[in-house]
Each structure stands twice: as C-alpha cells, then as structure tokens.
Amino acid sequence: MSIATTLVKKLALEQRQDILCEINSHIFEALQQQFPQQLIQDTTPMQLEDILEKLGLPATFILEMVSSASLGQAVAPSTEPTSLLQIPIMLARAIVNLVYYTTYTLMLIAIFLVVAKFVDPQGVGFFYAPNKFFIFGKLILQHEEAIRYEQLGNYFIPVLLFIIIGLYYSSTLILKIKKSIYHKL
C-alpha cells in the first residue's frame, strides 16, 4: 500500500480525484449488480468488504490506475501556449540535438569504413589528387589512377579508429553540455 500511496501523492489533485471517482464507480457498479436499487443504501460493511476483495489488492489496482493516469498525462499534448521566451531554448535544444545526431552519424560511417577496408582493401581509403579528385571512403568504380593516389595506405584504419574515439568523446561532451544547459534553464 505504501508504494501506491507514494505514487498517488505524486499525481496532481485532479488526477487523484479522478482515481477516487473511478474506485467509487467500481464499487457502485458492483453494488448495482448484486443488489436492487432500493437496497444499495442499506449495504452492510461486510458486503462492502466482499466487493473490495473482488476488486483485488488495493496496491495492485491503484498502481494500474496511477500508471494509466501517468501514461495519459505523458501522451496528452501540452495545452500551454509557447511563449516567445521559449523559442531560444527550443532553438538551442534543436542545435544540440542536430550536432549530436551528426556526430553519431559520422561515427557510424567511420565504423562502416573500417569494416569496408577489411573487405575491400584496395577500394577503400583516402584518395586525393590535387585538382583531380578527393575521395574519403569507398571507390564506386575501381580506377587505377585513383588507387595510385591513396594517401593513408595502412594507416587508414588507425586514423579512422582515432576519429571514432574522438567522435565518441565529443558526443559524450555534447551530452554533458546538454545536461548542464537543461539544468540551468
């Protein structure tokens, strides 16, 4: 019962009243099914105890009601209007999320290139020729000229691993900055 009580106390007053009304309606429906309308007011405490036993353990059915109330609160769209003061906050969050998404995407691409280098060592690399081409990744067509200009050679995988580690730490730093910004706002 203490867990249910703790959860109920966290709800808003309106939600607590809704849960109380729902419990009352369950009791009233059970009374209507068992007794004629005229005898409902003459119900004894023993009959009410039987109905409460049929509802189940209070902690169980109250937890279900609290979780459904909490879920409804989480799913319900916010009815508060957005003020102009929130726009910079929303913009900062969007920029941080965009940087975070870009960092993770680059990290996944680097991991793909490491695996691709093992599968196709000749066709994956850093191919650079001034004023001709710049390819960092996989050659779609195997050109002899492009293969000659491979710059990193056997250092391609260590460089990419270094880049992956750097991206990982930068994404962790972005997360920490994001949390500190949210705590200040």
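In the predicted model, F126, Y128, F134, F136 and F156 form one aromatic cluster. The structure as a whole holds seven aromatic pairs. In one of these, the ring centres of Y128 and F134 are 5.9 Å apart and the ring planes meet at 80 degrees; this angle is over 60 degrees, so the pair counts as edge-to-face. Y128 is partly exposed, at a relative accessible area of 36%, whereas F134 is exposed, at 55%. The rings of F136 and F156 form a further pair, with centres 5.6 Å apart and planes at 45 degrees, and the arrangement is therefore classed as tilted. This pair connects distant parts of the chain, since F136 belongs to strand 2 (residues 133-138) and F156 to helix 7 (residues 156-184), with their positions 20 residues apart in sequence. The two partners also have their own accessibility values: F136 has a relative accessible area of 37% and is partly exposed, while F156, at 0%, is buried.

F156 also appears in a nonpolar core of eleven residues, whose members include L113, V114 and A116. L113 is located in helix 5, and its relative accessibility of 7% is under the 20% limit, so the residue counts as buried. When neighbours within four places in sequence are set aside, L113 is in contact with V124, F136, G137, K138, F156 and L160. Two members of the aromatic cluster, F136 and F156, are thus among the contacts of L113. For one of the other contacts, V124, the C-alpha atom lies 7.3 Å from that of L113, although eleven residues separate the two along the chain.

K138, another contact of L113, takes part in a salt bridge. The count of such bridges in the structure comes to one. The side chains of K138 and D120 meet at 2.9 Å, from N to O. K138 is in strand 2 and D120 in the loop between helix 5 and strand 1 (124-129), so the bridge ties together parts that are 18 residues apart in sequence. Side chains of opposite charge can pair in this way when their charged atoms come close. With a relative accessibility of 42%, K138 is partly exposed.

The largest nonpolar core lies apart from the core that contains L113 and F156. This largest core has 14 residues, and those with the most contacts inside it are I19, I23, L31, I62 and V66. Helix 2 (13-34) and helix 4 (58-75) each supply at least two of its residues. The greatest contribution comes from helix 2, which gives five residues. One of the residues with the most contacts in this core, I23, touches F61, I62 and M65, residues up to four places away in sequence not being counted.

Helix 5 (residues 86-119) also holds I87, which has a relative accessible area of 40% and is partly exposed. This value is over the 30% required for membership of a surface patch. I87 joins L84, L91, I95 and V99 in a nonpolar patch on the surface, and the five residues together have about 490 Å² of accessible area.

In contrast to I87, S171 is buried, at 2% relative accessibility. S171 is part of helix 7. Its contacts, apart from residues up to four places away in sequence, are Y100, T103 and Y104, and these three positions fall within the span of helix 5, residues 86-119.

At the level of the whole chain, the secondary structure comprises seven helices and two strands. Along the sequence, these elements follow the pattern α-α-α-α-α-β-β-α-α. The protein has 185 residues, of which 24% count as buried. Its accessible surface comes to about 13,900 Å², and carbon and sulfur atoms account for 66% of that area. Among contacts between residues at least 6 apart in sequence, 53% join residues at least 24 apart.

Conventions: Residues numbered from 1 in each chain as written. Predicted model: local features only at pLDDT ≥ 70, side-chain atom pairs only at ≥ 80, totals over all residues. Heavy atoms only, no water. Patch = residues over 30% accessible without salt bridge, like charges linked within 9 Å, V, L, I, M, F, W, Y side chains within 5 Å. Areas by Shrake-Rupley, 256 points an atom, 1.4 Å probe, with all protein chains shown as cover. Salt bridge = Lys/Arg side-chain N within 4 Å of Asp/Glu carboxyl O. Helix = DSSP H or I, 4+ residues; strand = E, 2+ residues; numbered from the N terminus. Buried < 20%, exposed > 50% of the residue type's maximum accessible area, 1.4 Å probe, protein only. Core = buried A, V, L, I, M, F, W, Y, C linked by side-chain atoms within 4.5 Å. Contact = heavy atoms within 4.5 Å. Phe/Tyr/Trp six-rings, centres within 6.5 Å; stacked < 30°, edge-to-face > 60°.
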